[in-house]
Amino acid sequence: MAAPHPYPGIPVKAPQVPPAPGQVIVSYMVVEPELGCCKCDDLNGLGLTLLIVGIILFWPIALIPCFSSSMKNKHQVPVYGYPGGVPPMAYPQPGYAVPGVPQGYPPPPHEQPSKV
């Protein structure tokens with residue numbers, strides 16, 4: 001099976017959660033930029049220019065580019081998974097005992113004699 005390739009023209013960023021041991025890149029996910037006040041880290045060239053001009057000329061309108069999705073860049077992050085889709089140790093193997101945990105079926109509950 002060939003390794004997946006990222007979408008061309010969209011920058012790749014590192015995932016927020018690192019992969020577990022044995023995981024490989026399964027695909028890439030395109031992430032839309034977050035909109036809102038003080039979320040100006042993904043601005044493209046036009047958005048950054050308007051932000052600087054807004055700060056210089058009239059500061060209350062400076063954050064308008066941060067609320068526009070057309071002035072922000074998309075990015076993609078790798079999606080990790082196990083080869084074949086199943087983790088290698090999804091369940092305990094026969095003969096594996098967890099220390100401090102009783103093994104086997106639980107005992108039946110004790111019945112109290114009914115008082116009539």
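A residue is taken as buried when its relative accessible area is under 20% and as exposed when that value is over 50%. In the predicted model described here, this cut-off separates two residues that are treated in turn below, K72 and Q16, after an outline of the chain as a whole.

The protein chain contains one helix and two strands, and these elements succeed one another along the sequence in the pattern β-α-β. Of the 116 residues in the chain, 16% are buried, while the accessible surface comes to about 9600 Å², with carbon and sulfur atoms accounting for 67% of that area. When contacts between residues at least 6 apart in sequence are considered, 75% of them join residues that are at least 24 apart.

K72 is placed in the loop that runs between α1, which spans residues 45-57, and β2, which spans residues 75-81. With a relative accessible area of 6%, K72 falls under the 20% limit and is therefore classed as buried. Once residues up to four places away in sequence are set aside, K72 touches P33, E34, L35, K39, C40, D42, L43, N44, P65 and C66. One of these partners, E34, also appears in the lining of the largest pocket.

Q16, by contrast, is found in the segment that precedes β1, the strand formed by residues 24-31. The relative accessible area of Q16 is 83%, a value over the 50% limit, and Q16 is therefore classed as exposed. Although Q16 and V77 are 61 residues apart along the chain, their C-alpha atoms are separated by 8.8 Å, and both residues belong to the lining of the largest pocket.

That pocket, the largest in the model, holds about 210 Å³ of space. In addition to Q16 and V77, its lining includes K13, A14, P15 and V17, together with M29, V31, E34, H75, P78 and V79. Both strands take part, since β1 and β2 each supply at least two residues of the lining, and the greatest contribution comes from β2, which provides four residues. Sorted by class, the lining of the largest pocket consists of eight nonpolar, two polar and two charged residues.

Notes
Residues are numbered from 1 along each chain as its sequence is written. This is a predicted model: local features need pLDDT of at least 70, side-chain atom pairs count only at pLDDT 80 or more; totals for chains, interfaces and linings use all residues. Side-chain values use heavy atoms; hydrogens and water are left out. Buried means under 20% relative accessible area, exposed over 50%, partly exposed in between (1.4 Å probe, protein chains only). Contact means heavy atoms within 4.5 Å. Accessible areas come from the Shrake-Rupley method with a 1.4 Å probe; for residues, only the protein chains shown count as cover. On a 1 Å grid over the protein atoms alone, a cavity is a set of points where a 1.4 Å probe fits but cannot get out, and a pocket is an open set with protein on both sides within 12 Å along at least five of seven lines; lining residues have an atom within 4 Å of a point. Grid points are joined across faces, edges and corners, and a volume is the space filled by probe spheres set on the points. Ala, Val, Leu, Ile, Met, Phe, Trp, Tyr, Cys and Pro count as nonpolar, Asp, Glu, Lys and Arg as charged, and the others, Gly among them, as polar.
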